[in-house]
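Please look through the sequence and the model with care before reading on. The paragraphs below go from the confidence of the model to its strands, its cores, its aromatic rings and a few unusual backbone angles.

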Amino acid sequence: MKPIYQRLNLFIDGQDAYTFVPVQPIGAQSLTIHRATGDIVLNAPNTPIHPTASRYGKTIYGILGMISLALSEYVIVMTGREHRARFMGHDIYRAADFDILPLNPNVSVQNPPNPVEGHLLALVRSHLLGGHFLFSYGWDLSRRLQAQWQDRDNEEKKALWEVADDRFFWNKFLQSRLADTDIAHDLSPYILPIIYGTFDMRTVYIHGHQIQLCLISRRSRYRAGTRYFRRGIDHEGHVANFNETEQILLVVEKAAGRLSFSENLAHKLSFTQIRGSVPVFWAEVNTLRYKPDLQVMDLQETVGMMKLHLQDQVSQYGSQSLINLVNQKGREQPVKEAYESAVSKVEFPDVKYQYFDFHNECKHMRWDRIGVLIEKMQDDLIQQGYFHLDMTQDKAVRTQTGVMRTNCMDNLDRTNVVQAALAKWTLSQQLKAIGVMSDSEELDDFEALTRGFREMWADHADLIAKAYAGSGALKSDFTRTNRRTKIGVLQDGYKSVTRYIKNNHFDGARQDGFDLVTGAWTAQKNPVTASSLIADTRPLTIRSVPYILSFALFMICAGLTLPRTSDYSLLYYFMLWFVIASLAVTFMMMHGIEYVSWPRLIPPTDIIHYKGPGFRSAHNGKGFPSPPAHKLDLSGQLNGFGARLLLNGRKRALTVSGMEEGTKKRVD
């Protein structure tokens, strides 16, 4: 496979060009990007640097790609990296720092000439610094071990970006400017693919065998986003929060005489699972209440899109075992019913559905009840198997012929617990199959291995949860210690509050960052018409209430410092400001939709004001009391306040001018 340059020196020729020169090998072809035209030129070997060019102050560890905003096109480069592990002879890194270089010489990244450009740059920068991006210069992190083995004969002369899994090639849209050129194949040493995911590895010894246990997760760039702004399925069959998780086991023989661990390997084993949102059209609408309004859209396309989604999964992995952990009672029930209704209409011999009432089975901290699910899925686990490569014979002993697809509402907390349990059962079977463990032994007999296993899965769960929901995973104390604790329950309470604050007040901008970097929305060169991206067009009354609340709270605090002539001297003072604060809070809760941080690039107006058939748990946050939850045809009239959101609020500014600001069509 073609190597990628690991270090580059950047030379800036005034306002004319950026030139990237590989540190090794000396004399390699340098890359020049002309700032005036955007032309990308691969120079001849040993081309000298222009004498007027100055060297950039930082080493470049990779070019992540290029992105076009309202005033300029930009080159995104990696200026910091963190070494994570040495894995099968290859170094694995996390991208730690980035610089954004404008092609337009009149644009400054530090002081953008237009507030719209500054806003878009802030979205890109925030996404890069807030994500968990992983890469390797010589090993394909985007594909599972089995896929690489099966395609090995066709990839010797290809570059990493050419063989990367399209779903997990996170910066594919950014790299499209380089990859879509006529000289793309020659540019391969400069095109670095990254994944958004997790990577962890632990080394232990069992009965003289050196073992490396590795856990990799890969997040799909399709329908990517945050917890409440990306739910369910879309009209292309992609689901939200889709992650592939691969557990890799590397084993060295006892009498290993060679020096390198990668050369000593006797066995490579891999077990893959997937998770993804319930594949029907549904959403949760934030209203400032702790529990958002649940909405299930009963669309004609539901069955067709689910079938398309499952067809894609079967083509990728083989047979599917669908494990549904959504509650069968309470507010989650409509999602469960919609899922089961659609699955029953999809005739797929390779798809099996299994429901498990997680909260009911494991109530009162009975986490051992997860074993009930393992018993139900045991036949499927045995039939689907795992990938096993015997290095002594250089052949695949067995391949994995299917996967477990697990979901709950968020595909986070309950899903993490179940996936870890499935992975633990499989790991035990693998170690017994290759003779490292005897049939009478269990994983829990080996403290170092089980501790490393639990810590890996707990850290993995936290990172996936932070990417989607804004906080670490709930119930991670069970994954980490194999038991539920009261301290863990308190930590879950803190994490839940953190999620509430971030999901209601910060996730709009985070969602915009996802849409911008993955190419779901692209800017046009006209910042004037895109001014609604930063303008607050809500009515003055709506905007003023938070200030009234803040002032009332200030006056209450100030009253605590005033002198008192008696215990009742300030009673009416405090009563006045408490009443004002209470009225302000009540007003904000009644009009909660107006105070949520919504995405501005692709606002979910069609979901907020959905009028078709389906289920809506309530109509909170629209300025009127919510009616009781019931199944209904939502084709009725919007009230005056809801209509004003469409016609006069900030949603209108975002939606109507969408064609002027940019396009929602993915261009890669």
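**Confidence of the model**

Over residues 628-661 the pLDDT, which is the predictor's confidence in each residue from 0 to 100, stays under 50, and for this stretch the model has 87 contacts beyond four places in sequence, where contact means heavy atoms within 4.5 Å. For the protein chain, the mean pLDDT is 89, and 91% of its residues reach 70 or more. This is a predicted model, in which local features need pLDDT of at least 70 and side-chain atom pairs count only at pLDDT 80 or more, while totals for chains, interfaces and linings use all residues. Residues are numbered from 1 along each chain as its sequence is written, and side-chain values use heavy atoms, with hydrogens and water left out.

**A buried strand**

A good place to begin is strand β15, residues 293-297; helices (H or I, at least four residues) and strands (E, at least two) are DSSP runs, numbered from the N terminus. Five of the five residues of β15 are buried, so the strand is largely enclosed by the rest of the structure, and here buried means under 20% relative accessible area, exposed means over 50%, and partly exposed lies in between (1.4 Å probe, protein chains only). Both faces of β15 are covered, since D293, Q295 and M297 on one side and L294 and V296 on the other are all buried.

Which strands pair with β15? Two strands pair if DSSP finds at least two bridges between them. Strand β14, residues 282-285, is joined to β15 by four bridges and runs antiparallel to it, with V285 having D293 of β15 as its bridge partner. Strand β22, residues 613-616, also pairs with β15 in the antiparallel sense, over three bridges, and the bridge partner of Q295 in β22 is R616.

**Nonpolar cores**

A nonpolar core is a set of buried Ala, Val, Leu, Ile, Met, Phe, Trp, Tyr and Cys residues joined through side-chain atoms within 4.5 Å. The largest nonpolar core has 43 residues, of which I67, L120 and L516 touch the most other members. Several elements each supply at least two residues of this core, among them β7 (73-87), β8 (90-102), α1 (115-130) and α14 (507-517). Helix α1 gives the most to this core, with six residues. When its neighbours within four places in sequence are left aside, L120 is in contact with L69, A70, L516, W521, A523, L533 and L601. A second, separate core of 41 residues includes L325, Y386, M404 and L427.

**Aromatic rings and charges**

A pair of aromatic rings is described by the distance of the centres and the angle of the planes. Rings of Phe, Tyr and Trp (its six-membered ring) pair if their centres lie within 6.5 Å, and planes under 30 degrees apart count as stacked, over 60 as edge-to-face and the rest as tilted. The structure holds 18 aromatic pairs. One of them joins F133 and Y196, which are edge-to-face at 5.0 Å centre to centre with 75° between the planes. F133 lies in strand β9 and Y196 in strand β10 (residues 195-206), so this pair ties together parts that are 63 residues apart in sequence, and both F133 and Y196 are buried.

In another pair, the rings of Y339 and Y353 have their centres 5.5 Å apart and their planes at 85°, so this pair too is edge-to-face. Y339 belongs to helix α7 (residues 333-345) and Y353 to strand β17 (residues 351-355), 14 residues apart. Y339 is buried, with a relative accessible area of 0%, whereas Y353 is partly exposed, with a relative accessible area of 23%. Ring pairs also link F98, F133, W170, Y196 and F514 into a cluster.

A charge sits over a ring if NZ of Lys or CZ of Arg is within 6 Å of the ring centre and within 35 degrees of the ring normal. The charged end of R152 sits over the ring of W149, 3.6 Å from its centre, and R398 lies over the face of Y386, at 4.5 Å from the ring centre.

**Backbone details**

The peptide bond from Q24 to P25 is cis, with omega near -5°, and P25 has its place in the loop between β2 (17-22) and β3 (31-34). N241, in the loop between β11 (209-219) and β12 (243-252), has a phi near 50°, a positive value in a residue other than glycine, and N241 counts as buried at 4% relative accessibility.
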